[in-house]
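Please look over the structure shown here before reading on. The report that follows takes up helix packing, salt bridges, a buried glycine and some backbone angles in turn.

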Amino acid sequence: MRKFMKFLVPALLLVAVIVSCTVMFASANETNVIYVSSTGTGDGSSAQSPLGPGTVTDTVTNGSTTTRTTFENAAYADVIAWMKENVSVGKMVFANNALAKAHPLYRALEQLGAEGGRIVIVDELVIDAADAFERKYAGDFKLPETGAVTITGGTFVLDHSVWDSTSLWLGGDTTFDATTIEFRYNSNNSGEQYVTNFSFYANGNNITVEDDVNVTSYNYASGSPVAGTRYPNIFATTRNGLDAELEADPVITVKAGSWRYIVGAGHSVSTSKSASLIGNSTIVIDGANVEKIKATGVSPKANRQYSYVEGDVSITVKSGSVDEIIAITGAGYYDSIGNLAINLQGGTVGKITYKSTRNTSAEAPASKVIYYKDGTIDLAKIAAEFTANEIIETGVIYVSSTGTGDGSSAESPLGPGTVTDTVTNGSTTIRTTFENAAYADVIAWMKENVSVGKMVFANNALAKAHPLYRALEQLGAEGGKIVIVDELVIDAADAFERKYAGDFKLPETGAVKITGGTFVLDHSVWDSTSLWLGGDTTFDATTIEFRYNSNNSGEQYVTNFSFYANGNNITVEDDVNVTSYNYASGSPVAGTRYPNIFATTRNGLDAELEADPVITVKAGSWRYIVGAGHSVSTSKSASLIGNSTIVIDGANVEKIKATGVSPKANRQYSYVEGDVSITVKSGSVDEIIAITGAGYYDSIGNLAINLQGGTVGKITYKSTRNTSAEAPASKVVYYAYGTIDPAKIDAEFTANEVVEIFPYGEVDVVSGTLENNVILNIDYKVTDLTKSAIAAGKVKYVLTIGDETYETVVTAAMVDANNIVKISAELFATEMTTDVSVKLVVDGVETRTYTTTFEAYAEQMATENPEYADIAEAVLNYGELSQLHFGKIDSTTVVQAERKNELATYATGASVVPGASADYTYKYSTIVLFDKVAIRHYFTVADGADTTIFDGQNHLGYYVEEADILPQDFDKTIVTTVGDVTVNYSVFNYAYTVSQQTGYETAKNVVYALYDYFTAASAIA
């Protein structure tokens, strides 16, 4: 409870604060969704009726003895309690597996069946070691076969605090999403078995742990939980001696939480069977923290079978941390018959070893290959045993403009090739042949002899001789990483892919990351270079340097370098430095021109592109970032058939143009036949030009401008060159809360329906309770952006009730499957007209404040649902009369009908039966109206008498409290026993007493209002 207020009437105390009424909007029933709880008693159809444990009809053998116990329709909880008291660990076998089948999880999965679906945990779902009696080995709890299942909400508890060795065998592809997985153990229990780690056995299925899952660990050794140090395991197959080899291709994807072992095969506990896999095993770590990844299985004890994979094992680390990867691909206890690929793309890996400490006989056959890439582990951290295993880098090429090596290392960077080609110089008939000429010599000759933009190589040999082109050709469709050693220079003279001088078109590749050194864009002698990307490209931990010379004659010498994404994605990470130098003075000084990025191409060169490019820029200064292309043709455009996305998250940009740059006269316009999304998260943008109208530009879909942070100078509809553009009413421009002054939005947008949207989420549904207590429930629907921040612990909600503010950190467990964070404001009766405000603070950024009142909600309910009109009026009258009584208002228009006659019914019924003992003497009773209505009985207590039986003590003495009385039960007599004293009392016994007082008119009005509230609540209860 928040607080309470009180007022006295003779011989009685009335503490008035809260009443309520629960009116819940019914939502459409979801199919294939079952709600579960370890304490559930319902049918699983809703959170109010969660499925719980069933009953048990079975016989059981206790260990190797002949003792046999029969449970006939016994309560599940009773069987578990009996087992914990009477049965030794791991010895009990149920004949018909009834105990496992009575578990809420098993029951829910049986209902979902082959179609699969979603299981929503209400409060807790506990997997206790005592539950796990699918087979003769104590810990194996094998679930029924199902389709794909998502487990979400509440807390998924893995309880080893009393018994141990539980393992959960999955029956279908399983995803954990927006839930908490909690491992409980007790290190004070004797024997190793009490402190081992819980295991998920994927059983050949896929298992996914999403990034909004919280994994916690508690040690009960001290008698109460403290932060534990043990975390669960995940195995791709099973614990064997139980099943034969599995034929499957399981994928384990773990994006959150702390874990002990993640294993590509299984756990052998048999001398005759293994827990092996016939197929390929894949492990992906993308945000989790893992102690050890074992490629094929845990190290078995002596004489037990080894666990292998007859296929390939792939281990990928994208983000997060792994202390150790144990490859164990050799002979002996372990064997991976295929190859083992270890792909380190991000995060941190402590070390990679070939064999475990128990597996000393393993040897590394030369046929096995271990891969790593992206420089996320020091070679010294790879055990020496790998020398026979051909440790190599894949997908990494080192380059330099002065390189002479093969690109295999920083000491041997790939450089320019040689040129064998013929060239036409402009429109003349002069023809020059270069036979195996040094690349640098050709560039030097061109700069001295050739006018800008006129030279055409017949076979494109010059472009193909560039180090960047050569490296990309080697990477090919698989893509990879290019590491710049010193400098990699893109000179205007390099760019002779096509007849237009500046276009340097790169070969098609897979995704490529460019990192290290300096990526130089050199216009200091020649100009108009543009780089056409051949695949998704990321710049990371590098410097992009633009060099130009404003003293050179002609506009072409000082224009800006352009990246043409060519329909691919382009990303500039937050550790990229973008610099600009002007050589006009003969030596470089800080320049004022920066590069451009276009989503498509410079046209007159290619036809329209079909793609959905995403441009993400997190750092640096840029001139234009454009959602389509740059038309230089009278017949072709640089347009896009698809959706174009621009995200600014830390960069500084002069102009963002939604669909293309303003063309010169008679040139084609550049459009997007799809939607354009422009998002500014942080950084600055001087101007966003929408240009979605007719004329030179047209965006056939919608344009969404989402301002989530940073600063935007202004938003205009049309550029200065595009004066004929008009804004059709069908185009909608959005902007988000608080990041731009509406006055900075061009007036032309009035036809374009400028509206607000909310990038972090917004209030979705406001509900309340009109039957239990006055509570205003605010459902705040959050976006994926906010969920990511929640996972990082960077979100809180701020609830303000009147002049009091409460802040609560939002955890992943508080976000339900519909991305709703439920925020409840418990109100006093005096606060029904008080403003209730809520907002989120997401990584320091405040969202819009939503403000409402309980009164507004109740009035809305009365309007929309006439059956609630009486109860809404009753509860609001109660609130206003409470305000009057407590001096919150001076007068009221509410005229409360006297209810003395009705309350006279309750003149009798209250009684006290004193006990023979003098330990406890009844004093009087009150009602308390906070949270839910309660009755308090006060007693005088003799010296030495037991006071622990009371619920509390205040200045009036010791009291017991009968709590949570619903409005429709105000007339019910409640029997309370204290020692040998019995009190029979109802809420209306108290209300009658108040009604008989002389004076105290405002207090009487309050209890009369209670009676009306009771009448209305009874009518709909």
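## Helix 11 against helix 12

The axes of helix 11 (residues 987–995) and helix 12 come within 9 Å and cross at roughly 145°, in a model that is predicted. The crossing of these two helices, helix 11 and helix 12, is left-handed. On the side of helix 11 the contact is made by Phe 988, Ala 991, Val 994 and Ser 995, and on the side of helix 12 by Ala 1003, Lys 1004, Val 1007, Tyr 1008, Leu 1010, Tyr 1011 and Phe 1014. Sorted by class, the residues of the contact of helix 11 with helix 12 comprise 9 nonpolar, 1 polar and 1 charged.

Helix 12 (residues 1001–1020) also holds both partners of a salt bridge, Glu 1001 and Lys 1004, which lie 3 residues apart, or about one turn of the helix. The side chains of Glu 1001 and Lys 1004 meet at 3.4 Å, N to O. Glu 1001 is partly exposed, with a relative accessible area of 48%, whereas Lys 1004 counts as buried at 8% relative accessibility. Lys 1004 thus appears in two settings, in the contact with helix 11 and in the salt bridge with Glu 1001.

## Helix 8 against helix 9

A second helix pair is formed by helix 8 (residues 854–864) and helix 9 (residues 869–885), whose axes come within 8 Å and cross at roughly 160°. Because angles over 145 degrees count as roughly antiparallel, helix 8 is roughly antiparallel to helix 9. Helix 8 passes helix 9 in a left-handed crossing.

Helix 8 contributes Phe 854, Glu 855, Ala 858, Glu 859 and Ala 862 to the contact, while helix 9 contributes Ala 869, Ala 872, Val 875 and Leu 876. By class, the contact of helix 8 with helix 9 has 7 nonpolar residues, no polar ones and 2 charged ones.

## Salt bridges

How many salt bridges does the count come to? The count comes to 18 salt bridges, among them the pair of Asp 540 and Lys 513, whose side chains meet at 3.8 Å, N to O. This pair links distant parts of the chain, with Asp 540 in strand 44 (residues 537–540) and Lys 513 in strand 41 (residues 512–515), 27 residues apart. Asp 540 is buried, with a relative accessible area of 16%, whereas Lys 513 is partly exposed, with a relative accessible area of 23%.

Glu 573 forms a salt bridge with Lys 618, and the closest N and O atoms of the two are 3.2 Å apart. This pair, too, links distant parts of the chain, 45 residues apart: Glu 573 is in the loop between strand 47 (570–572) and strand 48 (577–582), and Lys 618 is in the loop between strand 53 (614–617) and strand 54 (621–626). Glu 573 counts as partly exposed at 21% relative accessibility, and Lys 618 is partly exposed as well, with a relative accessible area of 25%.

## Helix 6 and Gly 479

In helix 6, the buried residues include Pro 467, Leu 468, Tyr 469, Ala 471, Leu 472 and Leu 475. Just after helix 6, Gly 476 takes a positive phi of about 60°. The loop between helix 6 (467–475) and strand 38 (480–484) is also the place of Gly 479.

Is Gly 479 buried or exposed? Gly 479 counts as buried because its relative accessibility is 6%, which is under the 20% cut-off. With residues up to four places away in sequence left out of the count, Gly 479 touches Gly 395, Gly 510, Ala 511 and Val 512. Gly 479 and Asp 536 are 57 residues apart in sequence, and their C-alpha atoms are 8.9 Å apart in space.

## Positive phi outside glycine

Most residues other than glycine have a negative phi. Asn 73, however, has a phi near 50°, a positive value in a residue other than glycine. Asn 73 is placed in strand 6 (residues 68–75), and at 55% relative accessibility Asn 73 counts as exposed.

Asp 123 likewise has a positive phi, near 70°, and is a residue other than glycine. Asp 123 is found in the loop between strand 8 (117–121) and strand 9 (124–128), and at 56% relative accessibility Asp 123 counts as exposed.

Note on methods
Residues numbered from 1 in each chain as written. Predicted model: local features only at pLDDT ≥ 70, side-chain atom pairs only at ≥ 80, totals over all residues. Heavy atoms only, no water. Axes fitted to C-alpha atoms, helices over the stretch in contact; angles between N-to-C directions. Helix = DSSP H or I, 4+ residues; strand = E, 2+ residues; numbered from the N terminus. Parallel < 35°, antiparallel > 145°, perpendicular 65-115°, else oblique. Left-handed = near helix turned anticlockwise from the far one by under 90°. Contact = heavy atoms within 4.5 Å. Nonpolar A, V, L, I, M, F, W, Y, C, P; charged D, E, K, R; others polar. Buried < 20%, exposed > 50% of the residue type's maximum accessible area, 1.4 Å probe, protein only. Salt bridge = Lys/Arg side-chain N within 4 Å of Asp/Glu carboxyl O.
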